[in-house]
Amino acid sequence: MITNLTCCSVLSPFLFAVYLDDLSNICLHRKGCFILLYADDILLISPSVCELELLLHVCERELCCLRIGLRHDVVCAKITSASGCVLSWVSEIKYLGVHIVNSRSFKCSLDAAKHAFYLSANAIFGKIGRIASEEVTLQLIQSKSVPLLLYGLEACPLNKSQLNSLDFMINRFFTKLFVTSDRNIVENCQEKFGFMLPSSLLEKKKEKL
């Protein structure tokens with residue numbers, strides 16, 4: 001038995017797999033059942049109609065709703081599926097690694113990305129920060145930590161304040177690495193090592209996108 005579900009969204013090609021990744025784990029406990037995820041489609045495969053119905057109910061339980069627009073803070077009516085499952089309204093969703101929040105316009109939260117950067121950068125600095133050269137440390141930060149900070153953000157409309165907060169993360173790390181609070185020294189070090197700030201990197205990534 002096979003059924004096909006299609007999710008329609010402008011950002012579907014970019015913001016899909018991670019949010020529904022948990023669904024694939026369900027098939028590990030059901031013999032002959034498969035959930036195939038590709039682009040913005042979900043393909044459900046089962047050996048019987050009964051199993052197929054169970055898979056559909058699982059998909060319903062994974063879904064939730066988030067409101068964006070002028071009335072984003074107004075309480076919405078409940079949405080109930082044909083099987084009686086009530087979809088919950090949430091203030092934030094994680095979709096393909098990007099955290100989207102309800103607001104007047106499409107907006108992404110950077111808290112999780114910053115946290116991931118801190119964990120990665122501090123782990124690197126804690127292991128080799130006072131042993132390896134600054135060049136080696138920065139190369140690791142650039143290849144391992146910065147991608148965590150900027151993941152998927154080229155598809156998000158970030159305001160100036162958010163871009164400044166991303167740049168602050170890098171400036172703060174340079175302050176720690178070179179043991180200085182002098183802004184001119186930090187900028188000179190970034191120029192010397194060819195380390196671009198997130199705002200500049202995102203501008204280039206958006207051009208490619």
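Is Val-179 exposed or buried, and what is its relative accessibility? In this predicted model, Val-179 has a relative accessibility of 64% and therefore counts as exposed, since the cut-off for that class is over 50%. The residue sits in the loop that runs between helix α5 (160-177) and helix α6 (183-192). Its backbone is also worth noting, for Val-179 has a positive phi of about 50°, although it is not a glycine.

Attention then turns to pairs of charged side chains. Side chains of opposite charge can pair when their charged atoms come close. A search of the whole structure finds two salt bridges. One of them joins the side chains of Glu-154 and Lys-205, with a distance of 3.5 Å from N to O. Glu-154 belongs to the loop between α4 (134-150) and α5, whereas Lys-205 belongs to helix α7 (residues 198-208), so this pair ties together parts of the chain that are 51 residues apart in sequence. Both partners fall in the intermediate class of accessibility: Glu-154 is partly exposed, with a relative accessible area of 23%, and Lys-205, at 31%, counts as partly exposed as well.

The other salt bridge links Arg-183 with Glu-187, and here the closest N and O atoms are 3.3 Å apart. In contrast to a pair that ties together parts 51 residues apart in sequence, Arg-183 and Glu-187 both lie in helix α6, where they are four residues apart, or about one turn of the helix. Arg-183 is exposed, with a relative accessible area of 65%, while Glu-187, with a relative accessibility of 38%, counts as partly exposed.

Arg-183 and Glu-187 appear again in the lining of the second largest pocket, where they are listed together with Asp-167, Phe-168, Asn-171, Thr-175, Ser-181, Val-186, Gln-190 and Leu-197. The space in this second largest pocket amounts to about 250 Å³. Helices α5 and α6 each supply at least two residues of its lining. When the lining residues of the second largest pocket are sorted by class, three are nonpolar, four are polar and three are charged. Arg-183 and Glu-187 thus take part in a salt bridge and also help to line the second largest pocket.

Technical notes. Residues numbered from 1 in each chain as written. Predicted model: local features only at pLDDT ≥ 70, side-chain atom pairs only at ≥ 80, totals over all residues. Heavy atoms only, no water. Buried < 20%, exposed > 50% of the residue type's maximum accessible area, 1.4 Å probe, protein only. Salt bridge = Lys/Arg side-chain N within 4 Å of Asp/Glu carboxyl O. 1 Å grid on protein atoms, 1.4 Å probe; cavity = no way out; pocket = protein on both sides within 12 Å on 5 of 7 lines; lining within 4 Å. Points joined across faces, edges and corners; volume = space filled by probe spheres on them. Nonpolar A, V, L, I, M, F, W, Y, C, P; charged D, E, K, R; others polar.
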